[in-house]
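Visitor: Got a minute? I'd like a quick walk through this one.
Guide: Sure, let's put it on screen.

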Amino acid sequence: MSEPRPGYEPFDCAPALKLEGHERVTQLRFEGISGRLDRIEGLIERLERRVWLAVYGVAAAVLADVFLNFVQVAP
């Protein structure tokens with residue numbers, strides 16, 4: 001940018017202000033998207049824990065059934 005002329009104060013021009021506005025809006029959008037992704041990741045982690053709990057529960061039920069059948073057959 002050129003040096004300001006004597007007697008004139010430097011000022012911001014409209015295109016520069018418009019560009020700063022767009023940059024700020026873009027930054028806010030990315031922050032919003034990042035926050036949503038963090039919440040989604042947390043929900044996925046909770047869902048994953050629930051799925052593994054269900055898998056372990058089914059496996060435990062099957063093993064308990066096999067064990068009970070084995071105990072009944074061989075007294």
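**Helix and patches**

Guide: Start with Glu-41, which lies in helix 1. Keep in mind that this is a predicted model.

Visitor: Is Glu-41 buried, exposed or partly exposed?
Guide: Glu-41 counts as partly exposed, because its relative accessibility is 48% and that class runs between 20% and 50%.

Visitor: Which residues form the negative surface patch?
Guide: Asp-38, Glu-41, Glu-45 and Glu-48 form it.

Visitor: Switching topic. Which residues make up the nonpolar patch on the surface?
Guide: Phe-30, Ile-33, Leu-37, Ile-40 and Ile-44. Together they have about 500 Å² of accessible area.

Visitor: Where is Ile-44 found?
Guide: In helix 1, which covers residues 14-73.

Visitor: How many helices and strands does the protein have?
Guide: One helix and zero strands.

Visitor: And what share of the residues is buried?
Guide: Buried residues come to 0% of the 75 in the protein.

Visitor: What area does the protein expose, then?
Guide: About 7600 Å².

Visitor: What part of that do carbon and sulfur atoms supply?
Guide: Carbon and sulfur supply 65% of the exposed area.

Notes:
Residues numbered from 1 in each chain as written. Predicted model: local features only at pLDDT ≥ 70, side-chain atom pairs only at ≥ 80, totals over all residues. Heavy atoms only, no water. Patch = residues over 30% accessible without salt bridge, like charges linked within 9 Å, V, L, I, M, F, W, Y side chains within 5 Å. Areas by Shrake-Rupley, 256 points an atom, 1.4 Å probe, with all protein chains shown as cover. Salt bridge = Lys/Arg side-chain N within 4 Å of Asp/Glu carboxyl O. Helix = DSSP H or I, 4+ residues; strand = E, 2+ residues; numbered from the N terminus. Buried < 20%, exposed > 50% of the residue type's maximum accessible area, 1.4 Å probe, protein only. Lys, Arg positive; Asp, Glu negative; His and termini not counted. Charge placed at Lys NZ, Arg CZ, Asp CG, Glu CD.
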